[in-house]
Every structure is written in structure tokens, then in C-alpha cells.
Amino acid sequence: MSAEGLGCMGMSQSYGTGDDAESIATIRHALDCGVTFFDTADIYGLGANEELVGRAIAGRRDELVLATKFSMSRVDGVSSINGRPEYVHSACDASLARLGVDHIDLYYQHRVDPTVPIEDTVGAMAELVAAGKVRYLGLSEASAATIRRAVAVHPISALQSEWSLWTRDLESEVLAVARESGVGIVPYSPLGRGFLTGALKSPDEFSDAGDMRATMPRFQGENFDTNMQIVERVRSLAAQKDCTVGQIALAWVMAQGDDVVPIPGTKRRTYLDENVGAASVSLSAGDLATLDSIGAAVGARYAQAHTYGDSPARV
């Protein structure tokens, strides 16, 4: 697949008001630019994002690797996780219908259900592969122990977890176990939900009621100011390389290994072009050492710890 993919979540939720026409144009433009990996989920926009992606790729299905996820649901603002085998099958059928395709290339369990043995969930996912509905299996935000148990049932092709210059939790244990198990890494939010682009100036920018960053501790108050120091250190290197701060941040993620394919999200063609340009940024060993020394973000990833899943990095 391409060196980086496109995360489509923000086209339908979490980052303010969407624009379906521009989002569809962005997906098609991505294909024209050589981006071949597209990521969505059944929870994004409560199904609307899969439908949008389906419309965008109509007539071009053979040009891309299509990934979607299941297990999360939201009713009246309350999230829950379902990893029961029978649900795996019904969720997949619903995603296929919304996407308008006959198979999904990479099917992830979005979050691990702590009430269902991972062996049961992955076993049901493997049945989808046998049925030809899914080609490869993935996990998202799973712990090292869960990965080991999952690959004993069926090969796991990819682990999707947050990983960027300011979110380094994956490196403590999970990354090594994934690589030992032959699991590729798909970092989401490799631009720190926009923070690492250097474009944000103040927490007041998250005034849109639909912008989830307004609730995230690392985007608020003193945390915002402290984390801005990370951006400024990246900015100095970007100036030397004659590129943007975001391109440096993306180049760092891509430099972590050939088994790493980040999925920066955007809903605009202009930002897509900038992200694609990161593949041309060359970082020396010294550059990487400088970036590694910056340090992780201050403040939790979410307003409160999730009560689902099993990854120690989930907050």
C-alpha cells in the first residue's frame, strides 16, 4: 500500500462541521495522488462515514486498500463495546452494505471487549475471511497480551493505535510484541489531532460544538501552552528542511519502519497535498535523535479514561 493512508473519520464527526462534497473530492484526489489506503469505521458518523467513503470510491474499488472497524456503538451519547461472535458477522454485513462493496480488505476490532475472550472474537473474524467477506484482520488499541492471544487464533495483519511525536505510549511494550508477531503498525492521529501541524494558536479555536478537542486535557489551559513548546522545537527543524511542521511530524512517523503506515486525517484537498508531501522529507539520524528528545505531550489523551478495551495506552 502507499507510504501513508487517509483517515476519514473527521469527514463525518469530531472535528467540526463536515462538507460531504469536499470530503468526497478529497478521497478521489487522494487516489489521484497515489494514496491507496483508506480508513473508516462503522461508528464514525453512526454509519454515515462508511456511506460517504462508499460513494467516493464507487467505480475505483480496485485501486485501493479499504479498512473499516467494528465493535463500538453509541446510543444517547453513551459508548459501548461488543465483541460477541454473532455481532461480528452482523456488523460486517452492515458495513459491506454501507460501503457498497463485496469485501473489506482490512477489518479491525475497534476496541477490545473485556467481557468476551479475544479468541472468540478473532475466531468469528476469521470466519469472515473464510467466507470471502474480509481479506485481512486487525486490532485497534490492543495490549501486548491481547495481541499474543489473537495471533494464536488467526494472523493479525495490523494494529491501529495512536502514535506520534507527542504520543509515545505504544513504544513501551506493544510495539515490540506487534513486530514479534508480524503485525504491521497503523498510527492514527500522527499529527496529534492537528496540534503538530503548528497551525493551532489557542484553545479558543475549538469553539465548534462538534470539535472533540475542546474536551481533551492536552488541548486546554497550561497543557496547551506547554505542548506548544514541542511544536516550536519541530518548527525550527522544519525551517531548516524548508517544509512544514506537519510534514516533519509525519516524516518522523514514517521513519519508524517499513511496517508503519500512518493515516493522517483531513477533509480538505489542500491539507491532503501537504500530508502527501511529507513522504519527500528526508530525516537524518541526527534529525531523528533531535525529534526523539522532544518528549511526549502533557495532559491525558481524553477527558476521562475509557472503561473499555485493554490497552494501557487507551487514555
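**Exercise 1.** Which strands and helices do the buried residues of helix 4 pack against?

*Solution.* The model is a predicted one, in which local features need pLDDT of at least 70 and side-chain atom pairs count only at pLDDT 80 or more, while totals for chains, interfaces and linings use all residues. Residues are numbered from 1 along each chain as its sequence is written, and side-chain values use heavy atoms, with hydrogens and water left out.

Begin with the element itself: helices (H or I, at least four residues) and strands (E, at least two) are DSSP runs numbered from the N terminus. Next, list the residues of helix 4 that are buried (under 20% relative accessible area, with exposed over 50% and partly exposed in between, for a 1.4 Å probe and protein chains only); they are Ile118, Thr121, Val122, Ala124, Met125, Ala126 and Leu128. Finally, search for their contacts (heavy atoms within 4.5 Å), which gives strand 3 (65–70), helix 3 (85–99), strand 6 (104–109), strand 7 (134–140) and helix 5 (144–151) as the packing partners.

**Exercise 2.** Compare the expected span of helix 4 with the distance between its end C-alpha atoms.

*Solution.* The expected span is 1.5 Å times one less than the number of residues. For the 13 residues of helix 4 (residues 118–130) this rule gives 18 Å, and the end C-alpha atoms are 18 Å apart, so the two values agree. Beyond the helix comes Gly132, whose phi is positive, near 80 degrees.

**Exercise 3.** Determine whether Ile248 and Tyr136 are buried, exposed or partly exposed, and list their contacts.

*Solution.* Take Ile248 to start with, which lies in helix 8 (residues 245–254). Its relative accessible area is 0%, and therefore Ile248 is buried. Leaving aside neighbours within four places in sequence, Ile248 is in contact with Val234, Leu237, Ala238, Lys241, Cys243, Val281, Leu283 and Leu291; one of these, Val234, is 14 residues away in sequence and 7.1 Å away in space, C-alpha to C-alpha.

Turn then to Tyr136, which lies in strand 7. With a relative accessible area of 43%, Tyr136 is partly exposed, and, with neighbours within four places again left aside, Tyr136 is in contact with Asp105, Leu106, Tyr107 and Ser157.

**Exercise 4.** Describe the chain as a whole through its secondary structure, burial and contacts.

*Solution.* Counting elements gives 10 helices and 9 strands. Of the 315 residues, 53% count as buried. Among contacts between residues at least 6 apart in sequence, 76% join residues at least 24 apart.
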